[in-house]
Amino acid sequence: MTRLAHTDLEGLAEKAGHDLEDAPALEILRWAADTFGSRFCVTSSMEDAVVAHLASRAFPGVDVVFLDTGYHFPETIGTRDAVAAVMDVNVITLTPRQTVAEQDAEYGARLHDRDPDLCCALRKVQPLEEGLREYDAWATGLRRDESPTRANTPVVGWDARRRKVKISPIARWTQADVDAYIAEHGVLTNPLLMDGYPSVGCAPCTRRVLEGEDIRSGRWAGSNKTECGLHG
């Protein structure tokens, strides 16, 4: 498949975002598969495998990119391994340039406590940007109802920093929609979702959420940080 110029990709993203705003998630992913072929991938935090499952229906064997930060809960790694074993996808694991021990040696231990933005930049943002180089488009599991910072997420948009088309096929879904899809299709989910963690990130920076709290309030609790930098 011929690779499009960045200007063409940006225009394509803007048009698709408008045309597909009310389209079902599966239709959005079929458009992505037809448009980009092997230059399209899904990214997954392995909180659940909903988007990976949807994408496997639209594009069997699709690349599913996972960031192994070195700080994940064992349950998250287990979910990744289960997805790779039972779903029709190609799981690709990205790792940071430094191991946790190497980062500790250079920056000091527990960088995530002292400078979480730098820790995320080193262990998430940088490896993802390197891992996405061969793709023109990537899909995420972002939803508008997750937090105020995600309320305007387009179903198809332009990732200006990476100069790629960014697809969020379930942006319009609610948690109830997600739960219904998981139940209908028997989709794999991270066991931590049933243990008080409605949003699962790195273990040192994630806590259980209390009743009535925002679902992402357990991420970087006690700080002003709300995003890791992957999405803005």
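Begin with the aromatic side chains: the structure, which is a predicted model, holds 3 aromatic pairs. To inspect one of them, select Trp31 and Phe36, whose ring centres lie 5.6 Å apart with the planes at 90°, so the pair is edge-to-face, given that planes over 60 degrees apart are classed that way. Keep Phe36 selected for a moment and turn on a surface: Phe36 has a relative accessible area of 2%, and therefore falls under the 20% cut-off for a buried residue.

Next, select helix α2, residues 25-36, together with helix α3, residues 50-58, and fit an axis to each; the two helices pack at an angle of about 60°, and their axes are 9 Å apart. That angle makes α2 oblique to α3, and the crossing in which α2 passes α3 is right-handed. To see the contact itself, show the side chains of Ala25, Leu26, Leu29, Arg30 and Ala33 in α2, which meet Val51, Leu54, Ala55, Arg57 and Ala58 in α3. Coloured by residue class, this contact of α2 with α3 shows 8 nonpolar and 2 charged residues, and no polar ones.

Stay with α3 and add helix α8, residues 175-185, to the selection: the axes of α3 and α8 come within 11 Å and cross at roughly 60°. Here too the helices are classed as oblique, α3 to α8, but the crossing of α3 and α8 is left-handed. The residues to display are Val50, His53, Leu54 and Arg57 in α3, which meet Val178, Tyr181, Ile182 and His185 in α8. By class, the contact of α3 with α8 comprises 5 nonpolar, 2 polar and 1 charged residues.

How many of the 9 residues of α3 are buried? The number is 8, so α3 is largely enclosed by the rest of the structure. Select Val50, Val51, Ala52, His53, Leu54, Ala55, Ser56 and Ala58 to highlight the buried residues of α3. To find what covers these buried residues, bring up α2 and α8 along with the strands β1 (40-43), β2 (62-67), β3 (89-94) and β4 (137-139), which are included in the cover.

Now move to Pro169, which lies in the loop between β6 (164-167) and α8. Is Pro169 buried or exposed? At 2% relative accessibility, Pro169 counts as buried. Expanding the selection around Pro169, and leaving aside residues up to four places away in sequence, brings in Ala25, Ile28, Leu29, Val51, Ala139, Thr140 and Val155, which Pro169 touches. Ala25 and Leu29 have already appeared in the contact of α2 with α3, as has Val51 on the α3 side. For a distance to check from here, draw a line between the C-alpha atoms of Pro169 and Pro154, which are 15 residues apart along the chain and separated by 8.7 Å.

The last stop is another helix pair, for which you should select helix α5, residues 100-107, and helix α7, residues 116-131. These pack at an angle of about 140°, with their axes 12 Å apart, and α5 is accordingly oblique to α7. The crossing of α5 and α7 is right-handed. Display Val100, Gln103 and Tyr107 of α5 with Leu118, Cys119, Leu122 and Arg123 of α7, since these residues make the contact. Sorted by class, the contact of α5 with α7 has 5 nonpolar, 1 polar and 1 charged residues.

Key
Residues are numbered from 1 along each chain as its sequence is written. This is a predicted model: local features need pLDDT of at least 70, side-chain atom pairs count only at pLDDT 80 or more; totals for chains, interfaces and linings use all residues. Side-chain values use heavy atoms; hydrogens and water are left out. Rings of Phe, Tyr and Trp (its six-membered ring) pair if their centres lie within 6.5 Å; planes under 30 degrees apart count as stacked, over 60 as edge-to-face and the rest as tilted. Buried means under 20% relative accessible area, exposed over 50%, partly exposed in between (1.4 Å probe, protein chains only). Axes are lines fitted to C-alpha atoms, for helices over the stretch in contact, and angles run from 0 to 180 degrees between N-to-C directions. Helices (H or I, at least four residues) and strands (E, at least two) are DSSP runs, numbered from the N terminus. Angles under 35 degrees count as roughly parallel, over 145 as roughly antiparallel, 65 to 115 as roughly perpendicular and the rest as oblique. A crossing is left-handed if the near helix is turned anticlockwise from the far one by less than a right angle, and right-handed if clockwise. Contact means heavy atoms within 4.5 Å. Ala, Val, Leu, Ile, Met, Phe, Trp, Tyr, Cys and Pro count as nonpolar, Asp, Glu, Lys and Arg as charged, and the others, Gly among them, as polar.
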